[in-house]
Structures are given as structure tokens and as C-alpha cells.
Amino acid sequence: MKLKNELQDIYDDLWNVYFCCYCLEPQGEKYHCCQENHFVPFADLYEEDQQYIIESEIGEAFGEQA
């Protein structure tokens, strides 16, 4: 149950974060990425892309790479 809550917290934290449509890097202060300027909020990414980002976040939390 605790893991489910932590996953939901990560999801909620990322909900309005914008990511590059091509490489899934967070926009941050950048105006372009991958030679383009296509950024979308986490909520609008494909489910598999959301899962990849969440797994990456979990990996970083444990010092691993996804």
C-alpha cells in the first residue's frame, strides 16, 4: 500500500511538468530540445511514456538507472 501511495505522489508531482515529445526530458528552463520545441504536460504523454518517466524517477531515487 505504501508503494502505491508513493507512486501516486510521483504521478501527482509530474502531472503538470512539461516534457519533450521526442526524448522525454523535462523542459525545465529550455525553450527547445531535440532541435524542436514540442513540449507537452506529463498528463498528455502516452501511458508507456509516463510509465518510463516514473520508472526513471524511481531508479534515480534508489541510485539506479531505468
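## Phe-42 and the aromatic cluster in a predicted α-β-β-α chain

Phe-42 is buried, its relative accessible area being 0%. The model in which this residue sits is a predicted one, and the values that follow are computed from its atoms. Phe-42 pairs with Phe-19 in a tilted aromatic arrangement, the ring centres lying 6.1 Å apart and the planes meeting at 55 degrees. Since Phe-19 belongs to strand S1 while Phe-42 belongs to the loop between S2 and H2, this pair ties together parts of the chain that are 23 residues apart in sequence. Phe-19 is itself buried, with a relative accessible area of 3%.

**The aromatic pairs**

The structure holds three aromatic pairs. In one of them, the rings of Tyr-11 and Phe-42 have centres 5.3 Å apart and planes at 75 degrees, so the arrangement is classed as edge-to-face; the cut-off for that class is an angle over 60 degrees. Tyr-11 lies in helix H1 (residues 2–14) and Phe-42 in the loop between S2 and helix H2 (47–61), so this second contact of rings ties together parts that are 31 residues apart in sequence. Tyr-11 counts as partly exposed, at 25% relative accessibility, whereas Phe-42 is buried. Through ring pairs, Tyr-11, Trp-15, Phe-19 and Phe-42 are linked into a cluster.

**The chain as a whole**

Along the sequence the elements follow the pattern α-β-β-α, with two helices and two strands in the chain. The C-alpha atoms fill a box of roughly 40 × 25 × 20 Å along the principal axes, and the accessible surface comes to about 5,300 Å², of which 49% belongs to carbon and sulfur atoms. Of the 66 residues in the chain, 21% are buried. Where contacts between residues at least 6 apart in sequence are considered, 34% of them join residues at least 24 apart.

**The nonpolar core and Gln-50**

Phe-19 and Phe-42 also belong to the largest nonpolar core, which has seven residues and further includes Leu-14, Leu-24, Leu-45, Ile-53 and Ile-54. Leu-14 is in contact with several of these core members, namely Phe-19, Phe-42, Ile-53 and Ile-54, and also with Glu-57, when its neighbours within four places in sequence are left aside.

Gln-50, which lies in helix H2, counts as buried at 9% relative accessibility. Not counting residues up to four places away in sequence, Gln-50 touches Tyr-11, Phe-42, Ala-43, Asp-44 and Leu-45, and its side chain reaches the backbone oxygen of Leu-45 at 3.5 Å.

**Cysteines**

A disulfide is a covalent bond between the sulfur atoms of two cysteines. With a cut-off of 2.5 Å between the sulfur atoms, the count for this model comes to zero disulfides. The table sets out two of the cysteines, with the nearest cysteine sulfur for each.

| Cysteine | Nearest cysteine sulfur | Distance | Relative accessible area |
|---|---|---|---|
| Cys-21 | Cys-20 | 6.3 Å | 34% |
| Cys-34 | Cys-23 | 3.6 Å | 38% |

Cys-21 is in no disulfide, and with a relative accessible area of 34% it is partly exposed. Cys-34 is likewise in no disulfide, the sulfur of Cys-23 being 3.6 Å away, and Cys-34 is partly exposed as well, with a relative accessible area of 38%.

**Lys-30 in the loop between the strands**

Lys-30 is placed in the loop between strand S1 (18–20) and strand S2 (39–41), and at 33% relative accessibility Lys-30 counts as partly exposed. The side chain of Lys-30 reaches the backbone oxygen of Pro-26 at 3.3 Å. When neighbours within four places in sequence are set aside, the contacts of Lys-30 are with Glu-25 and Phe-39. From C-alpha to C-alpha, Lys-30 and Cys-20 are 10.0 Å apart in space, with a separation of 10 residues in sequence.

Note on methods. Residues numbered from 1 in each chain as written. Predicted model: local features only at pLDDT ≥ 70, side-chain atom pairs only at ≥ 80, totals over all residues. Heavy atoms only, no water. Helix = DSSP H or I, 4+ residues; strand = E, 2+ residues; numbered from the N terminus. Buried < 20%, exposed > 50% of the residue type's maximum accessible area, 1.4 Å probe, protein only. Contact = heavy atoms within 4.5 Å. Polar contact = N/O pair within 3.5 Å; in protein donor to acceptor, adjacent residues only side chain to side chain. Areas by Shrake-Rupley, 256 points an atom, 1.4 Å probe, with all protein chains shown as cover. Phe/Tyr/Trp six-rings, centres within 6.5 Å; stacked < 30°, edge-to-face > 60°. Core = buried A, V, L, I, M, F, W, Y, C linked by side-chain atoms within 4.5 Å.
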